[in-house]
Amino acid sequence: MSRSADVIVVGGGPIGLAAAINARMHELTALVIEPRTGTIDKACGEGVMPGAVTELAALGVHPRGRRIAGISYHDGTHIAEHRFASDAALGVRRTELHGALSERAAALGVEFEHGKVVAIEQHGDGSQGGVEARSGAVSAHLADGRTIEGQWMLGCDGLHSTVRELVGLAARPRRVRRHDSRRFGIRQHFEVEPWTDLVEVHWAANAEVYVTPVGDTEVGIAVLGPRGTSFEQAIASVPALAERLRGLTTTSSVQGAGPLLQNTTGQRSGRVLLVGDAAGYVDAITGEGIRLGLAEARAAIECIVAGEPERYEHEWRRITRDFRMLTTGLVAAANSPLRRAIVPLAARLPSVYGRVVESLGR
Ligand SMILES: Cc1cc2nc3c(=O)[nH]c(=O)nc-3n(C[C@H](O)[C@H](O)[C@H](O)COP(=O)(O)OP(=O)(O)OC[C@H]3O[C@@H](n4cnc5c(N)ncnc54)[C@H](O)[C@@H]3O)c2cc1C
């Protein structure tokens, strides 16, 4: 017999779990489909911005982490620094975040199914709103042949979303560029007492190196750059950082992700809504994926409950507007000769830099 739920959540990463928690908080049944087992780790800078800390608290999720007071930019000569005006951010290991969300989801009665979604069927035109539409309005077919029936589906399956492909919301690249401008991320953790209460962003020649304190004796180092960027070489190109990390014990293996830019033609197809990285992603340069995804998860469930699924795309654009604008602009500058001017400018214009950091952390 096939299982069913009001909301099928495809992907049990942080945003899928948050979406399922939101659904349960609105008295909807939720079933999360995830192919990986246990506590999930992922390449991430692990800066949970103040707005994300607030979103998590509203879900009843309080992960342990290291207080982050702000963000600083470094280029070896200049330093720009801004401390958040009110609430602090948190550096949180992904395993801790996943554990805290999983625990809350289980306590609220979220159901879980181990598997990978490989096909989706929508029955009817999906235009009618409300959760009381007939059951089996959308079906998720798993790789092992099982089927899960639901009234709504949230595609929370990350950067390389299968759901996005299956429902025809993936944008095809318009043209093949001669220069491959795609960017990737890599991270690893080191055992050391954090030397800063900020997220440090070191602008090396071809990559950005992020330092995020994630515990009393652990820092995460994340590197963003073009295809082929070497984690070791990027660190070596920031001598002050290389010196701090020399000889330290690593507490995780090197993990990567990308390409980061993922375009979509929309965020909804009938009864299927895309949430989190699956809905479209620009870059990790501003460290906001978790904050945005949490806000999108809340909006998606609110739209479903209100019987206004068509409002979700508008909400998604509203939630991501600043991120898309700022991140696209910063990546374009980072990929241009302007790159070398970014940190000196930020240091010379502290109020502008401060406003940007505040708007990213909201
Ligand atoms: C290097 C790097 C640094 C970053 N730094 C930060 C930062 O400092 N702060 C921040 O807020 N964000 C940061 N981000 C972004 C952040 O990691 C993402 O925005 C966040 O992980 C998105 O969560 P998600 O749940 O949407 O996707 P994911 O975490 O990718 O989860 C998707 C889940 O879907 C599952 N899945 C995939 N396919 C299927 C399928 N067919 N069926 C069922 N399940 C499936 C996967 O197994 C996975 O568990 C960074 C990203 C990178 C790459």
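## A buried cysteine to start with

C303 has just 1% relative accessibility, so it counts as buried (buried means under 20% relative accessible area, exposed over 50%, and partly exposed in between, using a 1.4 Å probe and protein chains only). Before we go on, this is a predicted model: local features need pLDDT of at least 70, side-chain atom pairs count only at pLDDT 80 or more, and totals for chains, interfaces and linings use all residues. Residues are numbered from 1 along each chain as its sequence is written, and side-chain values use heavy atoms, with hydrogens and water left out.

## Cysteines without partners

A disulfide is a covalent bond between the sulfur atoms of two cysteines. How many does the structure hold? Zero, going by the cut-off of two cysteine sulfur atoms within 2.5 Å. For C44, the nearest cysteine sulfur belongs to C156 and is 16 Å away. C44 is buried too, with a relative accessible area of 18%. C303 is in no disulfide either: its nearest cysteine sulfur is also that of C156, 14 Å away.

## Around the ligand

There are 36 residues around the ligand, and E34, G45, G47, R94 and D277 come nearest (a residue is near a molecule or strand if one of its heavy atoms lies within 4 Å of it). By type, this shell divides into 16 nonpolar, eleven polar and nine charged residues. Here Ala, Val, Leu, Ile, Met, Phe, Trp, Tyr, Cys and Pro count as nonpolar, Asp, Glu, Lys and Arg as charged, and the others, Gly among them, as polar.

Now for some atom-to-atom distances. A polar side-chain atom of E34 sits 2.7 Å from a ligand oxygen, while a polar backbone atom of G47 is 2.8 Å from a ligand nitrogen. In T162, a side-chain N or O atom lies 3.4 Å from a nitrogen atom of the ligand. On its own, the ligand has 1000 Å² of accessible area, and the protein covers 93% of that (areas come from the Shrake-Rupley method with a 1.4 Å probe; for residues, only the protein chains shown count as cover).

## Rings that meet

The structure holds three aromatic pairs. Rings of Phe, Tyr and Trp (its six-membered ring) pair if their centres lie within 6.5 Å; planes under 30 degrees apart count as stacked, over 60 as edge-to-face and the rest as tilted. Y73 and W203 make a tilted pair, 5.4 Å centre to centre with 55° between the planes. Both Y73 and W203 are buried. Add Y353, and ring pairs link Y73, W203 and Y353 into a cluster.

Note on methods: A polar contact is a pair of N or O atoms within 3.5 Å; within protein, one must be able to donate a hydrogen and the other to accept it, and residues adjacent in sequence count only if both atoms are side-chain atoms.
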